[in-house]
Amino acid sequence: MRQSLLYHAFGVREGYDYVETIYQDGCVRFVLSVRPDWIKCPACGGKDIVRKGRRYRELQTVPIGLKPVFLVVEVPKCQCAACGKRFEAAPPFAPAYVRYTHRLQAFVEALSGRMTISDLAALTGLGWDTVKDIVKGRLEKDYGHPRLKELRRLSMDEIYVGRRKKFYTLVINADTGHVVWVAHGRGGDCLRKFWRLLRLSKAKVEAVSMDMSPAYWASVAENLPAATIVFDRFHIAKLVNEKLDDRRREMVREATGLMQQTVKGVRYLLLLRRDNVAAQRLPQLQAALKHNEPLNTGYLLKEALGLLWEQPSYAQMKSYLHQGCAGALDSGVRQMQQLGKSLLAHASGILAWWKHRISNGRMEGINIKIKTLLRQTYGLRDERFFTLKLYLQPSSFKTHTSRMNPKI
Ligand SMILES: [Zn+2]
């Protein structure tokens, strides 16, 4: 085989000679020997080498068609005559301690965005874990350290992923939607390392979107005193729904007769925005509200608060919020009074939305991504790989085809 083919196909550089080809067990093996004049002492660079025997290393490389290809490479055991250093002349076209070449590694990396790990393992004949480690190494290099310097607006949230892993805390760049931090667990403690990295990056964060729970609030106030806190509109809408549902459940327990009949089975009708309720179900909703005064009060408040973010100016949004809260406090419905109090206590953060227009809306998409990743099992087997997959954005996925381009 010609030297140039060895080089272009398998990345074997000068210094190695082709010896023979072995066709065996459906595989192709190229045996290569190292040229004696090519061996140098790694300590002193001396070329006066005493050979002390040899072994062969079998390295898998890129397949030819569907046939697996191995390079059987001579590895001489040597001793330097000048300084006495003992060493093995390792092939430069393969990483240390593995059974594959740089070329096969690049091949796997290049296809990793388009094929699953199992597919790649089947195609190359490498083990599933080996393929995963190659892909992971690439992701670590490309995405392992998200750039924090440009961060201006963040959103942070916890995501529940099931009984085994429970919670993850995520920080997202609210402007680009990129995940910039993932930590197992929930609450301010998970963010300690993030704050340190953020300080080192000298990012000037202006606003942070989050739910109204005190854990993140306190942590942000302590670590980003200059940033504005924006309470996420979706969490607020969820809170309003929870209060309304709480009221409904109380009524189901207490109700009798006609009242009980009408209030049953309307949960989802109540929680949907009125615009989204199907026309044929409206009479059912109306009947439930007609016979249940406190529920009706709560429902009207919920519908009204939904319009808070559609007010045409900051001043109008502010007065709308205060009116809504006053209505809630006067409603005489316990859950709505609690809600009114809570919203008033968080008013400045709710209204800060007007200026920054950020929310945790992107979390929804990331939630779906997490569930998909966890279904693919490696999420549970390798935490760091799971994190890297979250850092990776489909839109910014780098392909490594340039390294694969033949230049023959
Ligand atoms: Zn030497």
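## A tour from the core outwards

Start with the largest nonpolar core, which has 55 residues; select L170, V171, I172, V208 and V230, the ones with the most contacts inside it. At least three of the core's residues come from domain 2 and at least three from domain 3. Keep in mind as you click around that this is a predicted model.

Now pick V208 alone and show what surrounds it. Leaving aside neighbours within four places in sequence, V208 is in contact with L154, M156, V220, L224, A227, I229 and V230. For contrast, move to a second, separate core of 26 residues, where F10, L71, I117 and L120 are among the members.

Next, colour by domain. Domain 1 covers 3-104, domain 2 takes 153-232 plus 378-384, and domain 3 runs over 233-356. Put a distance between the C-alpha centres of domain 2 and domain 3 and you should get 29 Å. Where do these two touch? Nine residues of domain 2 are in contact with 10 residues of domain 3. On the domain 2 side, strand 10 supplies the largest share, four residues. Sorted by class, that side of domain 2 has five nonpolar, one polar and three charged residues.

Strand 10 is a good lead into the sheet. Switch to a cartoon view and find the open sheet of five strands, ordered 8-7-6-9-10 with mixed pairing. Which strands stand at the edges? Strand 8 (179-184) and strand 10 (228-231) do; each has a single partner strand, so one side of each is left without a neighbour in the sheet. Looking across the sheet, the twist averages 20° from one strand to the next.

Zoom in on strand 9 (residues 207-210) beside strand 10: the two run parallel and are joined by four bridges. To see one facing pair, select M210 and F231, which stand opposite each other, F231 being in strand 10. As background, strands of a sheet pair through backbone hydrogen bonds, either parallel or antiparallel.

Last stop: P294, in helix 11 (residues 293-305). Buried, exposed or partly exposed? P294 has 17 other C-beta atoms within 10 Å; a residue needs 20 or more to be buried and 12 or fewer to be exposed, so P294 counts as partly exposed. Setting aside neighbours within four places in sequence, P294 is in contact with R247 and V333. Finally, zoom out and add G26 to the selection: the C-alpha atoms of P294 and G26 are separated by 77 Å, and the two residues are 268 residues apart along the chain.

How values were computed:
Residues are numbered from 1 along each chain as its sequence is written. This is a predicted model: local features need pLDDT of at least 70, side-chain atom pairs count only at pLDDT 80 or more; totals for chains, interfaces and linings use all residues. Two strands pair if DSSP finds at least two bridges between them. Axes are lines fitted to C-alpha atoms, for helices over the stretch in contact, and angles run from 0 to 180 degrees between N-to-C directions. Domain bounds come from an automatic or database domain assignment. Two residues are in contact if their C-beta atoms, placed from the backbone, lie within 7 Å. Ala, Val, Leu, Ile, Met, Phe, Trp, Tyr, Cys and Pro count as nonpolar, Asp, Glu, Lys and Arg as charged, and the others, Gly among them, as polar. A nonpolar core is a set of buried Ala, Val, Leu, Ile, Met, Phe, Trp, Tyr and Cys residues joined through C-beta atoms within 7 Å.
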